[in-house]
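Trainee: Hi! Could you walk me through this chain? I'd like to get a feel for how to read it.

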Amino acid sequence: MTKTDVEALGVSAVVLLFAVIAVVWLWWRRRDEEFTGVTPGLLPADPRAASTRRVRGGKEWKGTVAVAFSPPRGIGPAVAGTVVDGKVDARDLAAMLVDLSLRGWFVIEKLGANDWRLVPNTHAPQDDQLSPAEQRMMAALFPHGAPVLMSTLKQHFGLTLRQVQIDLYREMINRGWYRRHPRSRSSWTTVIGILLLIGSAVAAGGAYQLWKQQDAVYAFAIPAATAVAAVLFFTLGRGRAPRTAEGTAARIQTLGFEKYLATAEADQIKFEEAAGLFTRYLPFAIVFGLADRWAKVIGDVMKRAQFDGAMGDFGDVMFDPMAWYAMDGVLNLAGDGIGALIDVASGVDIAGGLADVTSAFGDFTSSASDIFSEADGCLDGCDGCDLGCIDF
């Protein structure tokens, strides 16, 4: 082995060591943060002054989740879905539509097997504050205040969907759950990878000359090590933005609420609360894939109340904000969208009605998700589009 070979191996080792240390450091920096000294999911008295650390055991917190009986305060289903996985997907946006409809902003009507008509409510709720993403969604759906067919959104709704996603990602920043776009990637690691590839090509040329002149076979270790370092930066160097400690707490709370929807039993819910809980939590159940189970639980509450005669004491019962009619495949939010009179004495199958409503909203969610996924434009809000990762 020549002196040149020894030097080449030394340089190769240094290059690889640098790459490994850099990638490990980047991996550690991309782990979410968490508060120390408090129960996971809770916020300290002064979050800004509290001590934090990187989560252990992976990029995200993976400990045992305590049941939460409500979602984090002031968030909608689309935000809940985003904070859990760090991504706004088509189902999150479809659940936003369901949530807006159940809050009385518009009526969803089924047309045949593959289309839906969205009819804006002329008497929209006055005390219901829309988030920026919801405002943009409503403005795009009903620019002229007229009904719209879901099927017509596919060709021209792509950019709007992307802007709604950006609003949701921006909300993650504004709430302090992320410091930058949740889907952002480190562009500087790509630049380093490109420079290393160029350096590898140049080093390969130099190694060839050394091999011809000095028979230094190990000189090729330098371009090989440089190429491996470039691959490490390209593959492992790019990663998602980490959550702040506040973001981790919000994620744990949301997972706790998901656990509640997944484990709640009928005997844990009061009949008087069931109607309101059903419509309030149904969009969240849709996001978490638990809509059918949630409808069954509330249906069991209604059945038990009917069997025990508890409902008979109410006679004609006004469920607030229960608002549905499942008739001829049409979803129609009654009145102003916040109440519906259910005639218990007539023997209506409330549990069956819940299942019908849930099934209809499930069909709508699937249709909307498919249309949103196929809509012209970019359904990510960050990568691969001409607007880049948007400046916050």
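Trainee: How many helices and strands are there in the chain?

Mentor: The chain has 11 helices and nine strands. Keep in mind that this is a predicted model.

Trainee: Okay! And what share of the residues is buried?

Mentor: Of the 392 residues in the chain, 49% are buried. Here is another overall figure: take the contacts between residues at least 6 apart in sequence, and 75% of them join residues at least 24 apart.

Trainee: Let's talk strands. Which order do the three strands of the open sheet take?

Mentor: The order is β3-β4-β5, with antiparallel pairing. β3 (106-111) and β5 (148-149) are at the edges with a single partner strand each, so one side of each has no neighbour in the sheet.

Trainee: What holds strands of a sheet together, in general?

Mentor: Backbone hydrogen bonds do the pairing, and strands can run parallel or antiparallel.

Trainee: And how many bridges join β3 to β4 here?

Mentor: Six bridges link β3 with β4, which covers residues 115-120. To pick out one of them, Lys110 has Trp116 in β4 as its bridge partner.

Trainee: Switching to helices. What can you tell me about α3?

Mentor: Helix α3 covers residues 90-102, which is 13 residues. At 1.5 Å a residue it should span 18 Å, and its end C-alpha atoms are 19 Å apart, which agrees.

Trainee: Is α3 mostly covered or mostly open?

Mentor: Mostly covered, since 12 of its 13 residues are buried. Among them are Asp92, Leu93, Met96, Asp99 and Leu102.

Trainee: What follows α3?

Mentor: Gly104 does, and its phi is positive, near 95°.

Trainee: How about α9, what span should that helix have?

Mentor: α9 holds 17 residues, 271-287, and at 1.5 Å a residue it should span 24 Å. The end C-alpha atoms are 25 Å apart, which agrees. Even so, α9 has a kink of about 45° at Tyr281, shortly before the proline Pro283.

Trainee: Are the residues of α9 mostly buried or not?

Mentor: Mostly buried: 14 of the 17 are. After the helix comes Gly289, again a residue with positive phi, in this case near 75°.

Trainee: Back to Tyr281 for a second. Which charged residue lies over its face?

Mentor: That is Arg280, at 5.4 Å from the ring centre.

Trainee: Rings are fun! How many aromatic pairs are there?

Mentor: The count is eight aromatic pairs. In one of them, Phe257 and Tyr260 have ring centres 6.3 Å apart and planes at 20°, so the pair is stacked.

Trainee: How far apart are those two along helix α8?

Mentor: Phe257 and Tyr260 are three residues apart in α8 (residues 245-263), so about one helical turn separates them. Phe257 counts as buried because its relative accessibility is 0%. Tyr260, at 6%, counts as buried too.

Trainee: What about Phe257 and Tyr281, how do their rings sit?

Mentor: Their centres are 4.8 Å apart and their planes are at 75°, so that pair is edge-to-face. Phe257 is in α8 and Tyr281 is in α9, so the pair ties together parts that are 24 residues apart in sequence. Both Phe257 and Tyr281 are buried.

Trainee: Which residues make up the aromatic cluster?

Mentor: Phe69, Phe257, Tyr260, Tyr281, Phe284 and Trp294 form one cluster. Try finding Tyr281 in the viewer, where the kink in α9 also lies.

Technical notes. Residues numbered from 1 in each chain as written. Predicted model: local features only at pLDDT ≥ 70, side-chain atom pairs only at ≥ 80, totals over all residues. Heavy atoms only, no water. Pairing = 2+ DSSP bridges. Helix = DSSP H or I, 4+ residues; strand = E, 2+ residues; numbered from the N terminus. Expected span 1.5 Å × (residues − 1). Bend = angle between axes of the 7 residues up to and from the residue. Buried < 20%, exposed > 50% of the residue type's maximum accessible area, 1.4 Å probe, protein only. Phe/Tyr/Trp six-rings, centres within 6.5 Å; stacked < 30°, edge-to-face > 60°. Lys NZ or Arg CZ within 6 Å of the ring centre and 35° of its normal. Contact = heavy atoms within 4.5 Å.
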